[in-house]
Structure formats: structure tokens, C-alpha cells
Amino acid sequence: MSEIELSENFNNLIEKASGLGLRAYPLESGDIAVENRIALKCAYGCRSYGKRLSCPPHIISIDEFRQVLQEYSNALLLVDEHDTSHVPDILEAWGDFRKESFRKMFELEQEAFREGFIYAHLLRPGSCNECDKCNLEKCVKPERRRFAPEGVGVNLQKVMERAGVDLKFCKPEKTMCVGILLVE
């Protein structure tokens, strides 16, 4: 990863993230790996596929996201780590962890806007779970509707490697919720 020139406002966001309990890693938008193969995990492996307006096929395509990403210079990789050593069923608890992490990351997105990053946009950890069942006719919480990085082809493993973050799969004592805040 190349050295990023950080503005005072960008540094303020990193400090705010830390105050929310998030680890924030500055990225250039070019550090965000977008691959078509990632969509396979959504279409053939995720139980939310097609069941939420924030999931494929209801969101922008991978190619559309690639175009949007070119309009951004910088981003923050956001990591919220949860101690799951005491959790008997991580999959059952995963929804609550994602919701808690999203709320912190969403607050940071709002702060980014207030800091002058008017095009700040969050890619949330996992599929949206703001509602128990998604209203596929019309989102009832459109101001909170965000899609996951994987839904638009982001290879989070590569992004985390580029940021210097070690991602370990199937590690029962800790679970990471990961999001990306695009800032411009």
C-alpha cells in the first residue's frame, strides 16, 4: 500500500472510529480489490441472497460499483472485533454482532459527512438486518440501507492484507465485523 496523505479531517475520522471501538485503516480506493468471483459467495452460499434489498440482485452490479469506486480517492477499512470465546453458537450471535458493528460504522459515516466528506458511503458488515424481515416492495429504513462489500465483489481478504490486518477464518475466540467507509 502506498503512503496516504491524510488531511486533518481524515485523521479526525480515524480518532472518532477509535473512540467508537473500531480500528480504522486508511486505504486508497485502488487498494480495494473488486472481483467477479466474490459474487459466488452471495449467490451460492448466503441465505440472504435475494431476500434483502441491500443484497444482490437488488443492489448495484459489480461493474457499476467498479465505476463508482473510481470516483473515490480514499477509504477506511473498519474492523470491529468481538470476543466470542464465551459464545456457544457464533452463527446465532452473528446477527447481533453485525447490528452492533453497523451502528458504530454508520455513526462514523455520519461524522464523515459532518467533517466535509459529503460523498461518504459505508459498505456495511454483512447483509442488512435492520428489520427482521425485509420489505422487498420498498425499504422502510432507506436512510440506513447499506450493502455489504462482498455484495459488490469486494475481496475483503485482499483488502485486509493490503491494510496489514491479519484475517483468520474459523477462529472461535474472536469474530471480526468488517466494513469499508468510502470518503471523498
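The questions and answers below concern the sheet and the salt bridges of a predicted model.

In this predicted model, local features need pLDDT of at least 70 and side-chain atom pairs count only at pLDDT 80 or more, while totals for chains, interfaces and linings use all residues. Residues are numbered from 1 along each chain as its sequence is written, and side-chain values use heavy atoms, with hydrogens and water left out.

Q: In what order do the 4 strands of the open sheet stand?
A: Strands here are DSSP runs of E with at least two residues, and helices are runs of H or I with at least four, both numbered from the N terminus; two strands pair if DSSP finds at least two bridges between them. The pairing in this open sheet is antiparallel. Strand E1 (23-28) and strand E3 (121-123) each have a single partner strand, so one side of each is left without a neighbour in the sheet. The order of the 4 strands is E1-E2-E4-E3.

Q: Which residue in E2 is the bridge partner of Glu28?
A: E1 pairs with strand E2 (residues 74-83) in the antiparallel sense, over 6 bridges. For Glu28, the bridge partner in E2 is Asn74.

Q: What angle does the direction of helix H4 make with that of E4?
A: Helix H4 (residues 90-114) packs on the sheet and touches E2, E3 and strand E4 (174-183), where contact means heavy atoms within 4.5 Å. Axes are lines fitted to C-alpha atoms, for helices over the stretch in contact, and angles run from 0 to 180 degrees between N-to-C directions. The angle between the directions of H4 and E4 is about 30°.

Q: How many residues apart are Lys16 and Glu107?
A: Lys16 and Glu107 form a salt bridge, their closest N and O atoms being 3.3 Å apart; the term requires a side-chain nitrogen of Lys or Arg within 4 Å of a carboxyl oxygen of Asp or Glu. The pair links distant parts of the chain, with Lys16 in helix H1 (residues 8-19) and Glu107 in helix H4, and the separation is 91 residues.

Q: Is Glu130, the salt-bridge partner of Arg103, buried or exposed?
A: Arg103 and Glu130 form a salt bridge with closest N and O atoms 3.5 Å apart, linking helix H4 to the loop between E3 and helix H5 (156-163). Buried means under 20% relative accessible area, exposed over 50%, and partly exposed in between (1.4 Å probe, protein chains only). Arg103, at 40%, is partly exposed, whereas Glu130, at 7% relative accessibility, counts as buried.
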